[in-house]
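Biologist: Before we discuss the sheets, could you put the chain on the screen so that we can go through the strand pairing together?

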Amino acid sequence: MYLSLRHICKRFGTVPALIDVSLDVDEGEFVCFLGPSGCGKTTLLRIIAGLEKPDSAHLLLGGRDLARIPARSRNFGIVFQSYSLFPNLSVARNIAYGLACRGWTAAAQRGRVDEMLAVVNLADHAGYYPHQLSGGQQQRVALARALAPRPQVLLLDEPLSALDAKVREDLRAEIKSLQSALGVTTIMVTHDQHEAMEIADRIVVMNRGVIEQVGAPRQLYDEPANRFVADFIGRMNFWSNGADGSVLGVRPEHLHLAADADAGDRAWRGRIERIVFLGSITRVLVAGDDRRCTVELGGSRPDLQVGQSVYVHADAAAVHHLAGPGA
């Protein structure tokens, strides 16, 4: 295993941030730490980077004990949300900064900077300064600077969260393409499930300092381990399944509407409370006497009206039996 994390614990005062976290990352893999604010994902990334000291941990990279290697010597590339570019340095000099610190010759620096500028599509911006760039361009520079020294691991701490939606969507596709081309082992922190599902080989879902589930995006969506994962990855309707705290869950796209109960033996009656047209789908909120749910139907549905009485039925094979988080 390329990167091995074992029994990582960290407290801030009396508050536990990480509770006995263990994880393996393969060489060349793209892994996303996904979870809500305060779940421990950034703390875990900072411990890997050497920027935060754990209370206890065993970290190995290629068989080497990282505890014996200071952050500056780990050869990790790090990209933060805030870009952290030097405002008084040009784009080219920003990218070259880490190379100079590592003793690269001037000629080697120039060649590598030109290479990285081409990789991030900023070959014509070498002489620009950060204030002359858009947010997306600044983040590309930060990415090029992190990748320039050929790091063993690339660490991304919510690098796209400060960008607007369209730029964020374009840049995450570029990051995935770049990572695949270079084959660099990458770990990214994000709270955006769509971002994680689009670019990660595996997603580590975290909650309150523990790992709830690790898996490929499709696995987490189709086979969530518990209610927390099911609710955090995609949308899920939940209904109580008894006194043991377990629930039944079904995705909105696996529910259907009909005018009568003959559509299926799981049908229940409700009234349409809200209809939202989202282009490729129409999202319908239905409420009954003892439950409410969200149904997602393909395309436009002008036949449906708010206040209309309908029957909701589920595909039996798509119903999940779920435990609570951490169960």
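Modeller: This is a predicted model, and a good place to begin is a sheet of 6 strands, which is open and has mixed pairing.

Biologist: In what order do the strands of this sheet lie, and which are the edge strands?

Modeller: The order across the sheet is E6-E7-E8-E3-E9-E10, and the average twist from one strand to the next is 15°. Pairing on one side only marks the edge strands, and these are E6 (76-80) and E10 (210-215).

Biologist: In which sense do E3 and E8 pair, and which residue of E8 is the bridge partner of leucine 34?

Modeller: Strand E3 (residues 30-34) is joined to strand E8 (residues 185-190) by 5 bridges, and the sense of this pairing is parallel. For leucine 34, the bridge partner in E8 is threonine 190.

Biologist: Which helix packs on this sheet, and what angle does its direction make with that of E6?

Modeller: The helix is H4 (residues 135-147), which touches both E6 and strand E7 (153-157). Taken against the direction of E6, the direction of H4 makes an angle of about 165°.

Biologist: Turning to the sheet in the order E13-E17-E14-E15-E16, why is one side of E13 and of E16 left without a neighbour?

Modeller: This open sheet has 5 strands with antiparallel pairing. E13 (255-258) and E16 (292-298) stand at its edges, so each has a single partner strand.

Biologist: How many bridges join E14 to E17, and what is the bridge partner of arginine 271?

Modeller: E14 (residues 268-277) and E17 (residues 309-314) run antiparallel and are joined by 4 bridges. Arginine 271 has as its bridge partner in E17 serine 309.

Note on methods
Residues are numbered from 1 along each chain as its sequence is written. This is a predicted model: local features need pLDDT of at least 70, side-chain atom pairs count only at pLDDT 80 or more; totals for chains, interfaces and linings use all residues. Side-chain values use heavy atoms; hydrogens and water are left out. Two strands pair if DSSP finds at least two bridges between them. Helices (H or I, at least four residues) and strands (E, at least two) are DSSP runs, numbered from the N terminus. Axes are lines fitted to C-alpha atoms, for helices over the stretch in contact, and angles run from 0 to 180 degrees between N-to-C directions. Contact means heavy atoms within 4.5 Å.
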